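I opened my notebook to look up a few residues, one by one. Come along and check each entry with me.

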Amino acid sequence: MAKPRYPYNPQSKMNGPYALTRDSVSRVVPSGKIGTYLLATCGKTMFGTDAVFIEYVGRCLDLRDRLLEHVPERYLLLYFKELATETSAYLSECEEYHRYGGTTCLDNEVHPGKPSIVSPRCPVCSQ
Ligand SMILES: [Zn+2]
């Protein structure tokens, strides 16, 4: 059965949506930058209006490299946000993971992992 999905929330404050294609990622996503990203598809809300639904949340040390690895996939759109450090990317990933419903509503199979044993706990669920 299809999972319930959340539409994009402007509180994520991400760049996008952009097409998840090789050309688009190469053009708009910076290389060598730490950050978080969302993968999404288009659909209709319960009221019949068009919306972008978030299906996967990730973080990485190189946004362009990682997003190119996701091409081609069934996701059509991406959002991304640059962050200064791996720890800030982890904390952002936790927020986005919970904002979009965690494993119940995302394709993510597990909670975001800490970058290191001394990383802070998840700011939302304290895991
Ligand atoms: Zn959490």
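Where does R5 lie? I found R5 in the segment before β1, and β1 covers 6-7. I kept in mind that this is a predicted model.

**Entry on R5**
Next I asked: is R5 buried, partly exposed or exposed? I noted 18 other C-beta atoms within 10 Å of R5, and a buried residue needs 20 or more, so R5 is partly exposed. Setting aside neighbours within four places in sequence, I listed the contacts of R5 as F53, I54, E55 and C105. I also looked up R5 and A40, which sit 35 residues apart along the chain, and their C-alpha atoms are separated by 9.6 Å.

**Entry on the core**
Then I turned to the largest nonpolar core, which has 24 residues. Y37, L38, L78, Y79 and F80 have the most contacts inside it. At least two core residues come from each of β3 (35-44), β4 (50-60), α2 (63-69), β5 (77-82) and α3 (86-99). I wrote down that α3 gives the most to this core, with five residues. I picked L38 for a further look: beyond four places in sequence, L38 is in contact with S12, M14, I54, V57, L78, Y79 and E96.

**Entry on T45**
Which loop holds T45? I placed T45 in the loop between β3 and β4. Here I counted 10 other C-beta atoms within 10 Å, and 12 or fewer means exposed, so T45 is exposed. Not counting residues up to four places away in sequence, T45 touches P7 and A51. Last, I noted that T45 and G101 are 56 residues apart in sequence and 16 Å apart in space, C-alpha to C-alpha.

Notes: Residues numbered from 1 in each chain as written. Predicted model: local features only at pLDDT ≥ 70, side-chain atom pairs only at ≥ 80, totals over all residues. Helix = DSSP H or I, 4+ residues; strand = E, 2+ residues; numbered from the N terminus. Contact = placed C-beta atoms within 7 Å. Core = buried A, V, L, I, M, F, W, Y, C linked by C-beta atoms within 7 Å.
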